[in-house]
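Hello,

Here is the structure to keep with your notes. My findings follow below it.

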Amino acid sequence: PKSNRFMLATDLGLDEVLVYKFDAAQGSLTPNDPPFTKVDPRSGPRHFAFHPSEKFAYIIDEINLTVTAFRYDAAKGTLKTLQTISTVPAGVSGKNLSTAEIAVDARGRFLYGSNRGPDSIAVFAIDQHKGTLTQVEITPTQGKTPRNFAIDPTGAWLFAANQDSGSV
């Protein structure tokens, strides 16, 4: 977060978001109180993104193909779960399915998440008052295994790096 008071990290194995107090003068971290926020069991929290307002935060869950939305209290460094929503259409199943990257656009209007296996980017509209998500579309990446992606500074383009097809 911009406040530079806390450091948050996802732990895929523990299904937690670890929260540390950051002492900039000492360059040290100590566990926050509480020291973590639990997410759904066996969800596999992978990457984390903040809304530009820092009122909300989002985690992409690698194993269960979801995004978890949180309200973030910047004064306390705490997260409150608001919603968990699927990154794939109903009925999608099979082996070698997972998620990877997550990002919020610079204006905080949309959230994007990559799906490996279905080879797509899930796009969600962000409710600016509640922080909750509504799925807008799921767009194919035109390649295999989108791992990372980036949104250009204008917000007009999303570039997905497809690991197994060597394409963008």
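Aromatic pairs, a sheet and a surface patch

Searching the whole structure turns up 2 aromatic pairs. Please keep in mind that this is a predicted model.

One pair is made by Phe48 and Phe50. Their ring centres are 5.2 Å apart and the planes meet at 65°, which makes the pair edge-to-face because planes over 60 degrees apart are classed that way. The other pair is Phe50 with Tyr72, also edge-to-face, at 5.1 Å centre to centre and with 75° between the planes. Phe50 lies in strand β4 and Tyr72 in strand β6 (residues 66-73), so this pair links parts of the chain that are distant, 22 residues apart. Taken together, the ring pairs join Phe48, Phe50 and Tyr72 into a cluster.

Which of these rings are buried, and which are partly exposed? Tyr72 has a relative accessibility of 5%, so it counts as buried, the limit for that being under 20%. Phe48 has a relative accessible area of 22% and is therefore partly exposed. Phe50 is also at 22%, so it too counts as partly exposed.

The sheet

Strands β4 and β6 belong to an open sheet of 4 strands. The order is β4-β5-β6-β7, and the pairing is antiparallel. At the edges are β4 (45-50) and β7 (78-86), each of which pairs on one side only. From one strand to the next, the twist averages 25°.

As background, the strands of a sheet pair through backbone hydrogen bonds, and the pairing can be parallel or antiparallel. Here β4 runs antiparallel to β5 (residues 56-61), and 5 bridges join the two strands. Within this sheet, Phe50 stands opposite Ala57 in β5. Phe50 is thus worth finding on the display in two settings: facing Ala57 across the strands, and as a member of the ring cluster with Phe48 and Tyr72.

The surface patch

Elsewhere in the sequence, Trp157, Phe159 and Val168 make a nonpolar surface patch of about 390 Å². Phe159 is placed in strand β13 (residues 158-162). Is Phe159 buried or partly exposed? Its relative accessibility is 42%, so Phe159 counts as partly exposed. That value also fits its place in the patch, because patches are made of residues with over 30% relative accessible area.

Regards

Conventions: Residues are numbered from 1 along each chain as its sequence is written. This is a predicted model: local features need pLDDT of at least 70, side-chain atom pairs count only at pLDDT 80 or more; totals for chains, interfaces and linings use all residues. Side-chain values use heavy atoms; hydrogens and water are left out. Two strands pair if DSSP finds at least two bridges between them. Axes are lines fitted to C-alpha atoms, for helices over the stretch in contact, and angles run from 0 to 180 degrees between N-to-C directions. Rings of Phe, Tyr and Trp (its six-membered ring) pair if their centres lie within 6.5 Å; planes under 30 degrees apart count as stacked, over 60 as edge-to-face and the rest as tilted. Buried means under 20% relative accessible area, exposed over 50%, partly exposed in between (1.4 Å probe, protein chains only). Patches are made of residues with over 30% relative accessible area and no salt bridge: like charges are joined within 9 Å, nonpolar side chains (Val, Leu, Ile, Met, Phe, Trp, Tyr) within 5 Å. Accessible areas come from the Shrake-Rupley method with a 1.4 Å probe; for residues, only the protein chains shown count as cover. A salt bridge is a side-chain nitrogen of Lys or Arg within 4 Å of a carboxyl oxygen of Asp or Glu.
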